[in-house]
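Hi everyone, thanks for coming. Please have a look at the model on the screen, and then I'll talk you through how the two chains meet.

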Number of protein chains: 2
Amino acid sequence: LAAIAETLEGLEETIIVKLIDRAQFSRNSVIYQPGMSGFAGEPSLSLFELRMLYQERMDAEFGRFCVPEERPFCEDLPAPKRSVNLPATGLAIADLNHVNLTPRILRAYLDLIPRLCREGSDGHYGSSVEHDVYAIQAVARRIHYGAFYVAESKYQESEAAYRAMIDRGDRAAIMSSLTRAEVEERIVARVREKTEGMQSRVNARVRHVVDPAVVVEFYLQTVIPLTKEGEVQYLLQRRQS
Amino acid sequence: LAAIAETLEGLEETIIVKLIDRAQFSRNSVIYQPGMSGFAGEPSLSLFELRMLYQERMDAEFGRFCVPEERPFCEDLPAPKRSVNLPATGLAIADLNHVNLTPRILRAYLDLIPRLCREGSDGHYGSSVEHDVYAIQAVARRIHYGAFYVAESKYQESEAAYRAMIDRGDRAAIMSSLTRAEVEERIVARVREKTEGMQSRVNARVRHVVDPAVVVEFYLQTVIPLTKEGEVQYLLQRRQS
(Lines give C-alpha, C1' and ligand atoms only; values in the text may rest on other atoms or scores of the structure.)
Protein backbone atom coordinates (compact mmCIF):
# COMPACT_ATOMS: atom_id res chain seq x y z
CA LEU A 1 0.00 0.00 0.00
CA ALA A 2 2.90 2.37 0.73
CA ALA A 3 4.34 1.80 -2.76
CA ILE A 4 0.94 2.43 -4.30
CA ALA A 5 0.54 5.63 -2.31
CA GLU A 6 3.93 6.76 -3.59
CA THR A 7 2.95 6.13 -7.19
CA LEU A 8 -0.25 8.11 -6.66
CA GLU A 9 1.84 10.89 -5.17
CA GLY A 10 4.10 10.87 -8.22
CA LEU A 11 1.07 11.12 -10.51
CA GLU A 12 0.03 14.32 -8.71
CA GLU A 13 2.87 16.30 -10.28
CA THR A 14 1.80 15.14 -13.70
CA ILE A 15 -1.81 16.17 -13.17
CA ILE A 16 -0.89 19.58 -11.77
CA VAL A 17 1.63 20.30 -14.51
CA LYS A 18 -0.78 19.36 -17.25
CA LEU A 19 -3.59 21.43 -15.80
CA ILE A 20 -1.22 24.40 -15.61
CA ASP A 21 -0.20 23.76 -19.22
CA ARG A 22 -3.80 23.79 -20.39
CA ALA A 23 -4.40 27.01 -18.46
CA GLN A 24 -1.84 28.79 -20.63
CA PHE A 25 -4.56 28.96 -23.28
CA SER A 26 -7.94 30.64 -22.98
CA ARG A 27 -11.11 28.71 -22.43
CA ASN A 28 -11.85 28.61 -26.18
CA SER A 29 -15.38 27.24 -25.72
CA VAL A 30 -15.85 26.57 -29.42
CA ILE A 31 -13.50 23.59 -29.22
CA TYR A 32 -16.05 21.76 -27.06
CA GLN A 33 -19.02 22.44 -29.33
CA PRO A 34 -20.22 19.49 -31.42
CA GLY A 35 -20.04 20.08 -35.14
CA MET A 36 -17.74 23.09 -34.77
CA SER A 37 -14.41 21.36 -35.31
CA GLY A 38 -13.95 22.61 -38.87
CA PHE A 39 -12.48 19.17 -39.55
CA ALA A 40 -13.02 17.85 -43.06
CA GLY A 41 -15.44 14.93 -43.09
CA GLU A 42 -16.33 15.27 -39.40
CA PRO A 43 -19.66 17.08 -39.19
CA SER A 44 -20.75 16.05 -35.71
CA LEU A 45 -17.90 15.84 -33.20
CA SER A 46 -16.24 18.74 -31.41
CA LEU A 47 -12.56 19.49 -32.00
CA PHE A 48 -11.85 18.21 -28.50
CA GLU A 49 -13.69 14.94 -29.14
CA LEU A 50 -11.82 14.47 -32.40
CA ARG A 51 -8.46 15.07 -30.82
CA MET A 52 -9.30 12.58 -28.10
CA LEU A 53 -10.35 10.00 -30.67
CA TYR A 54 -7.25 10.44 -32.82
CA GLN A 55 -4.98 10.38 -29.77
CA GLU A 56 -6.59 7.23 -28.38
CA ARG A 57 -6.46 5.47 -31.74
CA MET A 58 -2.73 6.14 -31.87
CA ASP A 59 -2.25 5.22 -28.24
CA ALA A 60 -4.24 2.01 -28.73
CA GLU A 61 -1.89 0.94 -31.53
CA PHE A 62 1.07 1.58 -29.24
CA GLY A 63 -0.54 -0.61 -26.55
CA ARG A 64 -1.48 2.02 -23.99
CA PHE A 65 -4.73 0.35 -22.99
CA CYS A 66 -3.05 -2.93 -22.12
CA VAL A 67 -2.05 -1.10 -18.93
CA PRO A 68 -4.77 -1.40 -16.24
CA GLU A 69 -4.72 2.24 -15.17
CA GLU A 70 -4.99 3.47 -18.76
CA ARG A 71 -8.71 3.22 -19.48
CA PRO A 72 -9.92 4.70 -22.76
CA PHE A 73 -12.48 7.45 -23.18
CA CYS A 74 -13.47 6.28 -26.68
CA GLU A 75 -14.89 3.03 -27.97
CA ASP A 76 -14.03 0.81 -30.94
CA LEU A 77 -10.31 1.52 -30.77
CA PRO A 78 -7.85 -0.46 -32.89
CA ALA A 79 -5.90 -3.42 -31.49
CA PRO A 80 -2.28 -2.89 -30.39
CA LYS A 81 0.33 -3.21 -33.11
CA ARG A 82 3.02 -4.22 -30.65
CA SER A 83 3.05 -6.77 -27.89
CA VAL A 84 3.24 -5.20 -24.47
CA ASN A 85 4.96 -7.29 -21.83
CA LEU A 86 3.66 -6.25 -18.47
CA PRO A 87 4.56 -7.67 -15.11
CA ALA A 88 1.62 -9.55 -13.54
CA THR A 89 -0.82 -6.97 -12.24
CA GLY A 90 -2.22 -9.02 -9.36
CA LEU A 91 -5.69 -7.77 -10.21
CA ALA A 92 -8.62 -10.19 -10.13
CA ILE A 93 -11.25 -8.84 -12.47
CA ALA A 94 -12.59 -10.33 -15.68
CA ASP A 95 -12.39 -7.16 -17.78
CA LEU A 96 -10.49 -4.03 -16.81
CA ASN A 97 -13.11 -1.92 -18.55
CA HIS A 98 -15.67 -3.01 -15.97
CA VAL A 99 -14.04 -0.27 -13.91
CA ASN A 100 -14.09 2.69 -16.23
CA LEU A 101 -14.81 6.10 -14.78
CA THR A 102 -14.03 8.00 -17.96
CA PRO A 103 -17.57 9.32 -18.62
CA ARG A 104 -17.63 10.93 -15.19
CA ILE A 105 -14.03 12.13 -15.47
CA LEU A 106 -14.90 13.76 -18.76
CA ARG A 107 -17.87 15.64 -17.32
CA ALA A 108 -15.90 16.80 -14.30
CA TYR A 109 -12.98 17.90 -16.45
CA LEU A 110 -15.18 19.94 -18.77
CA ASP A 111 -16.74 21.59 -15.70
CA LEU A 112 -13.25 22.46 -14.47
CA ILE A 113 -12.19 24.30 -17.63
CA PRO A 114 -14.04 27.59 -16.94
CA ARG A 115 -12.41 27.78 -13.50
CA LEU A 116 -8.96 26.78 -14.79
CA CYS A 117 -8.65 28.96 -17.89
CA ARG A 118 -9.02 32.61 -18.72
CA GLU A 119 -12.38 33.45 -20.24
CA GLY A 120 -12.65 34.05 -23.97
CA SER A 121 -10.85 32.87 -27.05
CA ASP A 122 -7.20 33.25 -28.07
CA GLY A 123 -7.40 31.26 -31.31
CA HIS A 124 -5.10 28.49 -30.03
CA TYR A 125 -7.66 25.77 -30.61
CA GLY A 126 -5.25 23.05 -31.68
CA SER A 127 -2.97 23.59 -28.69
CA SER A 128 -5.91 23.75 -26.29
CA VAL A 129 -7.35 20.39 -27.30
CA GLU A 130 -3.89 18.87 -27.36
CA HIS A 131 -3.32 19.91 -23.76
CA ASP A 132 -6.87 18.97 -22.76
CA VAL A 133 -6.22 15.43 -23.85
CA TYR A 134 -2.90 15.18 -22.00
CA ALA A 135 -4.45 16.59 -18.84
CA ILE A 136 -7.53 14.40 -18.85
CA GLN A 137 -5.41 11.32 -19.54
CA ALA A 138 -3.28 12.14 -16.51
CA VAL A 139 -6.38 12.53 -14.34
CA ALA A 140 -7.85 9.25 -15.59
CA ARG A 141 -4.57 7.43 -15.01
CA ARG A 142 -4.46 8.52 -11.37
CA ILE A 143 -8.09 7.65 -10.71
CA HIS A 144 -7.91 4.19 -12.27
CA TYR A 145 -4.53 3.43 -10.74
CA GLY A 146 -5.97 4.14 -7.32
CA ALA A 147 -9.21 2.32 -8.08
CA PHE A 148 -7.47 -0.91 -9.05
CA TYR A 149 -4.42 -1.09 -6.86
CA VAL A 150 -5.59 0.55 -3.65
CA ALA A 151 -8.73 -1.61 -3.70
CA GLU A 152 -6.85 -4.82 -4.41
CA SER A 153 -4.32 -4.05 -1.73
CA LYS A 154 -7.01 -3.36 0.87
CA TYR A 155 -8.78 -6.56 -0.14
CA GLN A 156 -5.56 -8.51 0.39
CA GLU A 157 -5.15 -6.96 3.83
CA SER A 158 -8.66 -7.90 5.05
CA GLU A 159 -9.96 -10.51 2.68
CA ALA A 160 -12.64 -12.00 4.95
CA ALA A 161 -14.13 -8.65 5.88
CA TYR A 162 -14.24 -7.47 2.26
CA ARG A 163 -15.64 -10.77 1.02
CA ALA A 164 -18.51 -10.44 3.51
CA MET A 165 -19.29 -6.86 2.42
CA ILE A 166 -19.02 -7.83 -1.25
CA ASP A 167 -21.32 -10.83 -0.82
CA ARG A 168 -23.87 -8.62 0.91
CA GLY A 169 -23.42 -6.08 -1.91
CA ASP A 170 -22.94 -3.54 0.87
CA ARG A 171 -21.68 -0.58 -1.14
CA ALA A 172 -21.96 1.84 1.79
CA ALA A 173 -19.87 -0.33 4.10
CA ILE A 174 -17.24 -0.80 1.41
CA MET A 175 -17.10 2.94 0.75
CA SER A 176 -16.80 3.67 4.43
CA SER A 177 -13.99 1.12 4.82
CA LEU A 178 -12.09 2.86 2.02
CA THR A 179 -12.38 6.36 3.45
CA ARG A 180 -9.56 7.72 5.55
CA ALA A 181 -10.06 11.39 6.18
CA GLU A 182 -6.51 12.00 7.40
CA VAL A 183 -5.01 10.55 4.20
CA GLU A 184 -7.31 12.69 2.08
CA GLU A 185 -6.37 15.80 4.04
CA ARG A 186 -2.70 15.04 3.53
CA ILE A 187 -3.20 14.64 -0.21
CA VAL A 188 -5.08 17.91 -0.46
CA ALA A 189 -2.44 19.81 1.50
CA ARG A 190 0.27 18.37 -0.72
CA VAL A 191 -1.60 19.27 -3.91
CA ARG A 192 -1.98 22.84 -2.70
CA GLU A 193 1.72 23.08 -1.85
CA LYS A 194 2.84 21.59 -5.12
CA THR A 195 0.61 23.83 -7.21
CA GLU A 196 2.07 26.83 -5.40
CA GLY A 197 5.63 25.51 -5.50
CA MET A 198 5.62 24.71 -9.20
CA GLN A 199 4.51 28.22 -10.02
CA SER A 200 6.62 30.00 -7.43
CA ARG A 201 9.35 31.21 -9.80
CA VAL A 202 7.11 31.88 -12.73
CA ASN A 203 6.82 35.26 -14.38
CA ALA A 204 3.11 36.05 -14.13
CA ARG A 205 3.29 38.37 -17.13
CA VAL A 206 4.37 35.41 -19.25
CA ARG A 207 2.39 32.55 -17.75
CA HIS A 208 -1.15 32.34 -16.50
CA VAL A 209 -0.89 31.37 -12.85
CA VAL A 210 -3.45 28.82 -11.70
CA ASP A 211 -5.11 29.39 -8.34
CA PRO A 212 -4.13 26.39 -6.15
CA ALA A 213 -7.67 26.42 -4.72
CA VAL A 214 -9.02 25.39 -8.13
CA VAL A 215 -6.77 22.33 -8.27
CA VAL A 216 -7.53 21.49 -4.63
CA GLU A 217 -11.25 21.67 -5.29
CA PHE A 218 -10.87 19.40 -8.30
CA TYR A 219 -9.07 16.87 -6.12
CA LEU A 220 -11.74 17.10 -3.42
CA GLN A 221 -14.74 16.95 -5.71
CA THR A 222 -13.48 14.70 -8.47
CA VAL A 223 -10.15 12.94 -8.15
CA ILE A 224 -10.59 11.54 -4.64
CA PRO A 225 -14.32 10.64 -4.86
CA LEU A 226 -14.00 9.03 -8.29
CA THR A 227 -10.99 7.02 -7.16
CA LYS A 228 -13.06 5.66 -4.27
CA GLU A 229 -16.03 5.03 -6.54
CA GLY A 230 -13.69 3.02 -8.79
CA GLU A 231 -12.40 1.08 -5.78
CA VAL A 232 -15.96 0.14 -4.84
CA GLN A 233 -16.70 -0.94 -8.41
CA TYR A 234 -13.56 -3.03 -8.51
CA LEU A 235 -14.32 -4.76 -5.21
CA LEU A 236 -17.93 -5.49 -6.13
CA GLN A 237 -16.71 -7.25 -9.27
CA ARG A 238 -13.63 -8.84 -7.80
CA ARG A 239 -13.30 -12.58 -8.35
CA GLN A 240 -13.26 -14.78 -5.29
CA SER A 241 -9.79 -16.04 -4.48
CA LEU B 1 11.40 42.02 -28.93
CA ALA B 2 10.31 42.15 -25.28
CA ALA B 3 7.11 40.25 -26.08
CA ILE B 4 9.11 37.63 -27.98
CA ALA B 5 11.53 37.25 -25.09
CA GLU B 6 8.56 36.72 -22.77
CA THR B 7 7.15 34.00 -24.99
CA LEU B 8 10.55 32.30 -25.05
CA GLU B 9 10.64 32.55 -21.28
CA GLY B 10 7.21 30.93 -21.07
CA LEU B 11 8.38 28.07 -23.29
CA GLU B 12 11.17 27.33 -20.81
CA GLU B 13 8.75 25.92 -18.25
CA THR B 14 7.34 23.61 -20.87
CA ILE B 15 10.74 22.30 -21.88
CA ILE B 16 11.89 21.78 -18.30
CA VAL B 17 8.66 20.06 -17.26
CA LYS B 18 8.73 17.72 -20.22
CA LEU B 19 12.36 16.80 -19.70
CA ILE B 20 11.58 16.04 -16.05
CA ASP B 21 8.59 13.94 -17.18
CA ARG B 22 10.77 11.89 -19.52
CA ALA B 23 13.30 11.39 -16.74
CA GLN B 24 10.69 9.54 -14.68
CA PHE B 25 11.41 6.54 -16.93
CA SER B 26 14.72 4.79 -17.38
CA ARG B 27 16.86 5.27 -20.44
CA ASN B 28 15.35 2.20 -22.14
CA SER B 29 17.89 2.21 -24.99
CA VAL B 30 16.03 -0.41 -26.99
CA ILE B 31 13.37 2.15 -27.91
CA TYR B 32 15.94 4.02 -30.00
CA GLN B 33 17.20 0.96 -31.87
CA PRO B 34 16.04 0.63 -35.48
CA GLY B 35 14.04 -2.51 -36.17
CA MET B 36 13.45 -3.19 -32.45
CA SER B 37 10.01 -1.58 -32.13
CA GLY B 38 8.10 -4.87 -32.10
CA PHE B 39 5.50 -3.01 -34.16
CA ALA B 40 3.56 -5.13 -36.62
CA GLY B 41 4.49 -4.30 -40.20
CA GLU B 42 7.30 -1.94 -39.20
CA PRO B 43 10.58 -3.83 -39.60
CA SER B 44 12.99 -0.93 -39.83
CA LEU B 45 12.12 2.01 -37.59
CA SER B 46 12.72 2.30 -33.86
CA LEU B 47 9.78 2.59 -31.47
CA PHE B 48 10.77 6.22 -30.90
CA GLU B 49 10.81 6.96 -34.63
CA LEU B 50 7.42 5.30 -35.04
CA ARG B 51 5.87 7.25 -32.22
CA MET B 52 7.23 10.48 -33.69
CA LEU B 53 5.81 9.58 -37.10
CA TYR B 54 2.37 8.68 -35.76
CA GLN B 55 2.27 11.77 -33.56
CA GLU B 56 3.28 14.08 -36.39
CA ARG B 57 0.79 12.52 -38.80
CA MET B 58 -1.97 13.21 -36.27
CA ASP B 59 -0.63 16.68 -35.51
CA ALA B 60 -0.39 17.47 -39.23
CA GLU B 61 -4.08 16.64 -39.69
CA PHE B 62 -4.91 18.99 -36.81
CA GLY B 63 -2.89 21.75 -38.50
CA ARG B 64 0.09 21.97 -36.14
CA PHE B 65 2.62 22.64 -38.87
CA CYS B 66 0.74 25.65 -40.17
CA VAL B 67 2.29 27.41 -37.16
CA PRO B 68 5.76 28.78 -38.00
CA GLU B 69 7.48 27.60 -34.83
CA GLU B 70 6.12 24.07 -35.22
CA ARG B 71 8.53 22.50 -37.69
CA PRO B 72 8.14 18.77 -38.30
CA PHE B 73 10.76 16.10 -37.74
CA CYS B 74 9.23 13.76 -40.33
CA GLU B 75 8.60 14.13 -44.04
CA ASP B 76 5.60 13.35 -46.26
CA LEU B 77 3.05 14.26 -43.61
CA PRO B 78 -0.66 14.52 -44.50
CA ALA B 79 -2.34 17.86 -45.23
CA PRO B 80 -4.37 19.54 -42.46
CA LYS B 81 -8.00 18.45 -42.19
CA ARG B 82 -9.05 21.74 -40.66
CA SER B 83 -8.36 25.28 -41.70
CA VAL B 84 -6.12 27.10 -39.27
CA ASN B 85 -6.66 30.84 -39.05
CA LEU B 86 -3.49 32.41 -37.84
CA PRO B 87 -2.83 36.08 -37.30
CA ALA B 88 -0.31 37.42 -39.84
CA THR B 89 3.13 36.20 -38.77
CA GLY B 90 5.12 39.12 -40.16
CA LEU B 91 7.75 36.68 -41.40
CA ALA B 92 9.29 37.17 -44.83
CA ILE B 93 10.46 33.78 -46.03
CA ALA B 94 9.29 31.71 -48.97
CA ASP B 95 9.00 28.41 -47.12
CA LEU B 96 9.04 28.02 -43.35
CA ASN B 97 10.81 24.68 -43.74
CA HIS B 98 13.84 26.46 -45.11
CA VAL B 99 14.58 27.04 -41.45
CA ASN B 100 14.30 23.59 -39.97
CA LEU B 101 16.73 22.59 -37.29
CA THR B 102 15.00 19.32 -36.45
CA PRO B 103 17.79 16.97 -37.60
CA ARG B 104 20.22 18.71 -35.26
CA ILE B 105 17.67 18.94 -32.45
CA LEU B 106 17.06 15.22 -32.77
CA ARG B 107 20.75 14.35 -32.49
CA ALA B 108 21.23 16.65 -29.51
CA TYR B 109 18.13 15.30 -27.77
CA LEU B 110 19.23 11.69 -28.18
CA ASP B 111 22.64 12.63 -26.76
CA LEU B 112 20.89 14.20 -23.77
CA ILE B 113 18.93 11.07 -22.81
CA PRO B 114 21.78 9.19 -21.08
CA ARG B 115 22.45 12.24 -18.90
CA LEU B 116 18.77 12.90 -18.20
CA CYS B 117 17.52 9.40 -17.38
CA ARG B 118 18.52 6.61 -15.06
CA GLU B 119 20.55 3.91 -16.77
CA GLY B 120 18.90 0.62 -17.68
CA SER B 121 15.44 -0.51 -18.61
CA ASP B 122 12.18 -0.36 -16.66
CA GLY B 123 9.93 -1.80 -19.36
CA HIS B 124 7.97 1.44 -19.81
CA TYR B 125 8.78 1.71 -23.50
CA GLY B 126 5.45 3.16 -24.61
CA SER B 127 5.50 5.89 -21.96
CA SER B 128 9.14 6.71 -22.65
CA VAL B 129 8.64 7.34 -26.35
CA GLU B 130 5.44 9.25 -25.65
CA HIS B 131 7.32 11.62 -23.34
CA ASP B 132 10.30 11.77 -25.68
CA VAL B 133 8.08 13.12 -28.41
CA TYR B 134 6.44 15.72 -26.17
CA ALA B 135 9.83 16.87 -24.89
CA ILE B 136 11.51 17.12 -28.26
CA GLN B 137 8.51 18.97 -29.70
CA ALA B 138 8.78 21.51 -26.88
CA VAL B 139 12.49 21.98 -27.58
CA ALA B 140 11.90 22.39 -31.31
CA ARG B 141 9.10 24.88 -30.70
CA ARG B 142 11.35 27.12 -28.61
CA ILE B 143 14.24 26.96 -31.05
CA HIS B 144 12.15 27.74 -34.11
CA TYR B 145 10.12 30.40 -32.33
CA GLY B 146 13.35 32.18 -31.46
CA ALA B 147 14.85 31.59 -34.89
CA PHE B 148 11.95 33.19 -36.73
CA TYR B 149 10.73 35.93 -34.46
CA VAL B 150 13.91 37.12 -32.78
CA ALA B 151 15.61 37.29 -36.17
CA GLU B 152 12.74 39.13 -37.85
CA SER B 153 12.51 41.56 -34.98
CA LYS B 154 16.22 42.33 -35.06
CA TYR B 155 16.02 42.78 -38.83
CA GLN B 156 13.20 45.27 -38.38
CA GLU B 157 15.25 47.19 -35.84
CA SER B 158 18.34 47.55 -38.08
CA GLU B 159 17.23 46.78 -41.58
CA ALA B 160 20.06 48.51 -43.44
CA ALA B 161 22.79 46.89 -41.37
CA TYR B 162 21.28 43.42 -41.73
CA ARG B 163 20.64 43.86 -45.44
CA ALA B 164 24.30 44.69 -45.94
CA MET B 165 25.46 41.62 -43.97
CA ILE B 166 22.95 39.42 -45.80
CA ASP B 167 24.00 40.69 -49.20
CA ARG B 168 27.63 39.99 -48.34
CA GLY B 169 26.56 36.54 -47.07
CA ASP B 170 28.51 37.42 -43.94
CA ARG B 171 27.38 34.64 -41.65
CA ALA B 172 29.97 35.46 -38.98
CA ALA B 173 28.92 39.10 -38.74
CA ILE B 174 25.26 38.12 -38.53
CA MET B 175 25.97 35.57 -35.82
CA SER B 176 27.99 38.08 -33.86
CA SER B 177 25.21 40.69 -34.15
CA LEU B 178 22.76 38.15 -32.68
CA THR B 179 24.88 37.22 -29.70
CA ARG B 180 24.28 38.96 -26.41
CA ALA B 181 26.19 37.23 -23.66
CA GLU B 182 24.30 38.95 -20.83
CA VAL B 183 20.94 37.76 -22.18
CA GLU B 184 22.25 34.22 -22.51
CA GLU B 185 23.57 34.30 -18.97
CA ARG B 186 20.21 35.48 -17.69
CA ILE B 187 18.42 32.67 -19.51
CA VAL B 188 20.78 30.06 -18.13
CA ALA B 189 20.42 31.35 -14.56
CA ARG B 190 16.64 31.29 -14.92
CA VAL B 191 16.63 27.75 -16.32
CA ARG B 192 18.73 26.57 -13.38
CA GLU B 193 16.41 28.26 -10.88
CA LYS B 194 13.27 26.93 -12.51
CA THR B 195 14.57 23.37 -12.69
CA GLU B 196 15.39 23.55 -8.99
CA GLY B 197 12.15 25.34 -8.08
CA MET B 198 9.87 22.94 -9.91
CA GLN B 199 11.41 20.00 -8.12
CA SER B 200 11.76 21.64 -4.72
CA ARG B 201 8.71 20.02 -3.11
CA VAL B 202 9.05 16.68 -4.79
CA ASN B 203 9.44 13.45 -2.89
CA ALA B 204 12.70 12.03 -4.22
CA ARG B 205 11.65 8.49 -3.35
CA VAL B 206 8.72 8.85 -5.76
CA ARG B 207 10.16 10.98 -8.52
CA HIS B 208 13.54 10.94 -10.21
CA VAL B 209 15.05 14.38 -9.60
CA VAL B 210 16.84 15.88 -12.59
CA ASP B 211 20.15 17.61 -11.95
CA PRO B 212 19.64 21.26 -12.98
CA ALA B 213 23.17 21.24 -14.43
CA VAL B 214 22.01 18.78 -17.10
CA VAL B 215 19.23 21.08 -18.27
CA VAL B 216 21.53 24.09 -18.11
CA GLU B 217 24.12 22.32 -20.24
CA PHE B 218 21.45 21.40 -22.76
CA TYR B 219 20.44 25.05 -22.99
CA LEU B 220 24.05 26.14 -23.38
CA GLN B 221 25.09 23.54 -25.91
CA THR B 222 21.88 23.06 -27.86
CA VAL B 223 18.91 25.35 -27.27
CA ILE B 224 20.74 28.67 -27.42
CA PRO B 225 23.22 27.83 -30.23
CA LEU B 226 20.57 26.19 -32.43
CA THR B 227 18.22 29.13 -31.94
CA LYS B 228 20.97 31.45 -33.15
CA GLU B 229 21.83 29.13 -36.03
CA GLY B 230 18.15 29.26 -37.03
CA GLU B 231 18.18 33.05 -36.82
CA VAL B 232 21.15 33.18 -39.19
CA GLN B 233 19.43 30.79 -41.60
CA TYR B 234 16.27 32.88 -41.51
CA LEU B 235 18.11 36.12 -42.16
CA LEU B 236 20.17 34.70 -45.01
CA GLN B 237 16.95 33.63 -46.72
CA ARG B 238 14.85 36.62 -45.76
CA ARG B 239 13.12 38.36 -48.64
CA GLN B 240 14.07 41.98 -49.29
CA SER B 241 11.43 44.42 -48.08
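Let's start with the area that is lost between the chains. In this predicted model, chain A and chain B bury about 3,800 Å² between them, and 52% of that is on carbon and sulfur atoms. Which residues supply the biggest part on chain A's side? Phe62(A), Arg82(A) and Arg201(A) together supply 18% of the area that chain A buries against chain B, more than any other three residues. If you prefer to count residues, the contact takes 40 from chain A and 40 from chain B.

Now for the charges. Side chains of opposite charge can pair when their charged atoms come close. Between chain A and chain B the count is 10 salt bridges, and a search of the whole structure, over all chains, finds 46. Let me show you two that cross between the chains. Arg51(B) and Asp59(A) meet through their side chains, 2.9 Å from N to O. That pair runs from helix α2 of chain B to helix α2 of chain A. The other joins Asp21(A) to Lys18(B), with the closest N and O atoms 3.5 Å apart.

Polar contacts come next: there are 16 residue pairs of this kind between chain A and chain B, with both residues at pLDDT 80 or more. Where on chain A does the touching side come from? The elements giving two or more residues to it are α1 (2-22), α2 (47-61), α4 (125-157) and α7 (181-198) of chain A. By type, the residues on that side divide into 18 charged, 13 nonpolar and 9 polar.

Let's bring Phe62(A) back, this time for its ring. Over all chains, the search finds 13 aromatic pairs. In one of them, the ring centres of Phe62(A) and Phe39(B) are 4.7 Å apart and the planes sit at 45 degrees, so this pair is tilted. Phe62(A) lies in the loop between α2 and α3 (102-116) of chain A, and Phe39(B) in the loop between α1 (2-22) and α2 (47-61) of chain B, so the pair crosses between chains.

Last topic: how are the two copies related? A turn of 180 degrees, with a shift of 0.0 Å along the axis, lays chain A on chain B with an RMSD of 0.0 Å. That is the relation of a two-fold axis. In chain A, Met198(A) has the C-alpha nearest the axis, 2.3 Å from it. And the same surface serves both copies, as 100% of the contact residues of chain A recur in chain B.

Terms used:
Residues numbered from 1 in each chain as written. Chains lettered and ligands numbered in written order. Predicted model: local features only at pLDDT ≥ 70, side-chain atom pairs only at ≥ 80, totals over all residues. Heavy atoms only, no water. Contact = heavy atoms within 4.5 Å. Buried area = accessible area lost by both parts, 1.4 Å probe. Salt bridge = Lys/Arg side-chain N within 4 Å of Asp/Glu carboxyl O. Polar contact = N/O pair within 3.5 Å; in protein donor to acceptor, adjacent residues only side chain to side chain. Helix = DSSP H or I, 4+ residues; strand = E, 2+ residues; numbered from the N terminus. Nonpolar A, V, L, I, M, F, W, Y, C, P; charged D, E, K, R; others polar. Least-squares fit on C-alpha atoms with pLDDT ≥ 70 in both. Phe/Tyr/Trp six-rings, centres within 6.5 Å; stacked < 30°, edge-to-face > 60°.
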